[in-house]
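Q: I have a protein model open and would like to learn how to read its features. Could you walk me through some of them?

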Amino acid sequence: MRASDRAYQRLRNEILEGTLAAGTLLGEVEQAERLGVSRTPLREALSRLAADGLADQTQGRGTVVSSVSLDDVDLLFELRLPLEVQAARLAAQRGDAERFTALAERFSQVEEALAAPDGAGREDQEARCYDLAEELDEAIAEAVDNSYLTGTLRGLRVHLVRVRRLARDEPARLVESAREHRTVCTAIASADGETAAAAMLIHLRRSLAYITDRSAASADDPKTRP
C-alpha cells in the first residue's frame with residue numbers, strides 16, 4: 001500500500017471513529033511525523049479527505065476536520081432514502097439469494113445476543129452489528145453492480161457514520177436495527193424487488209425518526225446547551 005493510501009485510511013478511520021474531532025487541525029508536520037510518512041503523501045491524503053467532505057482546507061489555518069451536526073440528518077436522508085430503496089430493489093433482482101440469507105441469519109444471532117437480559121459481551125455485539133451493516137452495504141453494492149449508484153451511496157454513508165455516532169444508538173434501538181436489517185436481508189433473498197424496497201424504506205424511516213428524537217432530546221437537555 002502506498003504511503004498516501006496508508007495515511008488516508010488511518011486519518012479517515014480516526015475521523016469516522018471520532019478520535020479526530022470536528023475542528024481538529026491536521027497540521028502537515030505533526031501528522032506526517034505521527035503517521036510515519038513524508039509531507040508529500042500526507043498532502044495527497046489530506047486532499048482526498050477534503051474531497052470526501054471529511055476535512056476543510058482553509059487559507060491561513062490549514063486543514064481541519066470538517067464539522068458534523070445532527071442538524072444535517074434531514075438533508076442526508078433526503079438523498080439517502082431514494083438511493084438506498086432503489087439499491088435494495090435492484091439487489092433483490094440481481095443478487096445472490098444465499099448470500100443475503102446467510103447475512104439474515106447472522107443478524108438474527110446478533111439480535112438475540114443484544115436482547116439477552118444479562119447483556120454479556122454487549123459491547124462486542126454492538127460492534128458486530130455495525131460491522132454486519134457494513135457487510136450488507138457491500139453485498140448490496142456488489143449485487144446492484146452500478147458504480148454510479150453505489151459510488152454516490154458510499155460517499156453519503158461516510159457522513160451518516162459520523163451523524164450516527166453523535167446520536168449514540170441505545171441498546172433497544174440496536175436490537176430493533178438488527179431486526180430491521182435481518183428483514184431487509186430476507187426480503188432481498190426473496191428476489192421480490194418491491195418487498196425489499198419496502199423493508200429498506202421502513203428501516204430508514206425508523207432510523208431517521210430515532211436520530212431526530214435524539215437530536216430533539218439533546219437540544220432540550222440543559223447539560224448539552226452551550
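Q: Is Leu-166 buried, partly exposed or exposed, and why?
A: Keep in mind that this is a predicted model. Buried means under 20% relative accessible area and exposed means over 50%, with partly exposed in between. Leu-166 has 39% relative accessibility, so it counts as partly exposed. You will find Leu-166 in helix α7.

Q: Which residues is Leu-166 in contact with, once neighbours within four places in sequence are left aside?
A: Those are Val-68, Ser-69 and Leu-70. There is also a pair to look at in space: Leu-166 and Arg-214 are 48 residues apart in sequence, and their C-alpha atoms are 9.1 Å apart.

Q: Where is Gln-125, and is it buried or exposed?
A: Gln-125 belongs to helix α6. Its relative accessible area is 17%, so Gln-125 is buried. Setting aside neighbours within four places in sequence, Gln-125 touches Val-110, Ala-113 and Leu-114.

Q: How are two packed helices described?
A: We give the angle between their axes and the distance between those axes. Try it on helix α2 (residues 28-35) and helix α3 (residues 39-52): they pack at an angle of about 105°, and their axes are 9 Å apart. The two helices are therefore roughly perpendicular to each other.

Q: Which residues of α2 and α3 meet?
A: From α2 come Glu-28, Val-29, Gln-31, Ala-32 and Leu-35, and from α3 come Arg-39, Leu-42, Arg-43 and Leu-46. Sorted by class, this contact has five nonpolar, three charged and one polar.

Q: What sign does phi have in most residues other than glycine?
A: Most of them have a negative phi. With that in mind, look at Asp-145: it is not a glycine, yet its phi is positive, about 55°. Asp-145 sits in the loop between α6 (122-144) and α7 (147-167). With 68% relative accessibility, Asp-145 counts as exposed. Ala-191 also has a positive phi, near 70°. Its place is in the loop between α8 (171-189) and α9 (193-220).

Q: How many aromatic pairs does the structure hold?
A: The count is zero. A ring can still have a charge over it, though, so to speak of one case here: the charged end of Arg-48 sits over the ring of Tyr-8, 3.8 Å from the ring's centre.

Key:
Residues numbered from 1 in each chain as written. Predicted model: local features only at pLDDT ≥ 70, side-chain atom pairs only at ≥ 80, totals over all residues. Heavy atoms only, no water. Axes fitted to C-alpha atoms, helices over the stretch in contact; angles between N-to-C directions. Helix = DSSP H or I, 4+ residues; strand = E, 2+ residues; numbered from the N terminus. Parallel < 35°, antiparallel > 145°, perpendicular 65-115°, else oblique. Contact = heavy atoms within 4.5 Å. Nonpolar A, V, L, I, M, F, W, Y, C, P; charged D, E, K, R; others polar. Buried < 20%, exposed > 50% of the residue type's maximum accessible area, 1.4 Å probe, protein only. Phe/Tyr/Trp six-rings, centres within 6.5 Å; stacked < 30°, edge-to-face > 60°. Lys NZ or Arg CZ within 6 Å of the ring centre and 35° of its normal.
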